[in-house]
Amino acid sequence: MTDPVDPSRIEADEARVALAGAGWRARSRRVKLYRRVLPIVILVLAGGVLTWTVFRTVMSGVERKASQSQEVRLDSPLFHGQDSQGRAFTVGAQGAVRDPNTGKFRLIGPALKLNLGGRKVTELTADGGTYDEQAKTVTIGPNVRISDGGTGFILTTPEAVVNTDTGVVTGSKGVQGSGPIGTINASSYAIYDQGQRVVFDGAGDNKVKGVLTPAGAGR
């Protein structure tokens, strides 16, 4: 004989089934929504990244062109000046570009002349350089060649720094030279009084130390 089924139990089972069905349908709707929304979100994010990249590229180009348009380019410039003792100098170059932010001139193929008076002219040439008119310095290099009118020496060095206020030329990256009294190889050098006195110093294999003065300089 079968026991009668409790109606309340049947109702509870039906309620559980209905609740489970409602939960499944809700999850199904969420999955469908995610499937539609996620690709759109991915496309929006990818588009945003691409747009930002393009924007930065365009802006960088605009900023670079704006900076270039503000540069002052000179062909075969020639700057004239005097040091603190009234001795003349000239700074020439094949070309020059003035940086609008710093005011410095980037020199292409610079050629400097320091006038000692008469025919005693110290000449310096190099591949490139920088002329800082405010700081009163000209830094040239590489492949610097110095024809010293005071001592008759021809010097080669990677870099030369000219103080246009004092007329002193210095370098600390090595120097080789040849002249009336032979050859020289040193670690650093300084040319004073626009060639009237040249001081060499050495270190390591270049232990030379000495001072060159042209004949009759002390008279």
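Are Asp83 and Arg87 buried or exposed? That was my starting point today, and I kept in mind that this model is predicted.

**Entry 1: the opening pair**

I looked up both residues and found that Asp83 and Arg87 are buried. Under 20% relative accessible area is what counts as buried here. Next I checked how the two side chains meet. Asp83 forms a salt bridge with Arg87, and their closest N and O atoms are 2.8 Å apart. A friendly reminder to myself: side chains of opposite charge can pair when their charged atoms come close.

**Entry 2: the hairpin**

Then I turned to strand 2 and strand 3. I saw that these strands form a hairpin, with 5 residues between them. In the turn I found Gly86, which has a positive phi of about 80°. Strand 2 covers residues 78-82, and 5 bridges join it to strand 3 in an antiparallel arrangement. I picked one partner to follow: His80 is bridged to Thr90 in strand 3.

**Entry 3: the other neighbour of strand 3**

I wanted to know which strand 3 residues to look at, and noted that the strand spans residues 88-92. How many of its 5 residues are buried? I got 4, so I wrote down "mostly covered". Strand 3 also runs antiparallel to strand 6 (residues 111-115), and 4 bridges join them. Here I followed Val91, whose bridge partner in strand 6 is Leu112.

**Entry 4: more salt bridges**

How many salt bridges does the structure hold? I noted 4, and I looked at two more of them after the Asp83 pair.

One joins the side chains of Lys113 and Glu123, at 3.9 Å from N to O. This pair links distant parts of the chain, with Lys113 in strand 6 and Glu123 in strand 7 (residues 121-125), 10 residues apart. I checked the surroundings too: Lys113 is partly exposed, at 43% relative accessible area, and Glu123 is also partly exposed, at 34%.

The other joins Asp165 and Lys136, again with 3.9 Å from N to O. Asp165 sits in the loop between strand 12 (160-163) and strand 13 (169-171), while Lys136 sits in the loop between strand 8 (128-132) and strand 9 (137-140), so this pair ties together parts 29 residues apart in sequence. I found Asp165 partly exposed, with a relative accessible area of 30%, and Lys136 partly exposed at 39%.

**Entry 5: looking back**

My opening pair, Asp83 and Arg87, is buried, whereas Lys113 is partly exposed and so is Lys136.

Conventions. Residues numbered from 1 in each chain as written. Predicted model: local features only at pLDDT ≥ 70, side-chain atom pairs only at ≥ 80, totals over all residues. Heavy atoms only, no water. Buried < 20%, exposed > 50% of the residue type's maximum accessible area, 1.4 Å probe, protein only. Helix = DSSP H or I, 4+ residues; strand = E, 2+ residues; numbered from the N terminus. Pairing = 2+ DSSP bridges.
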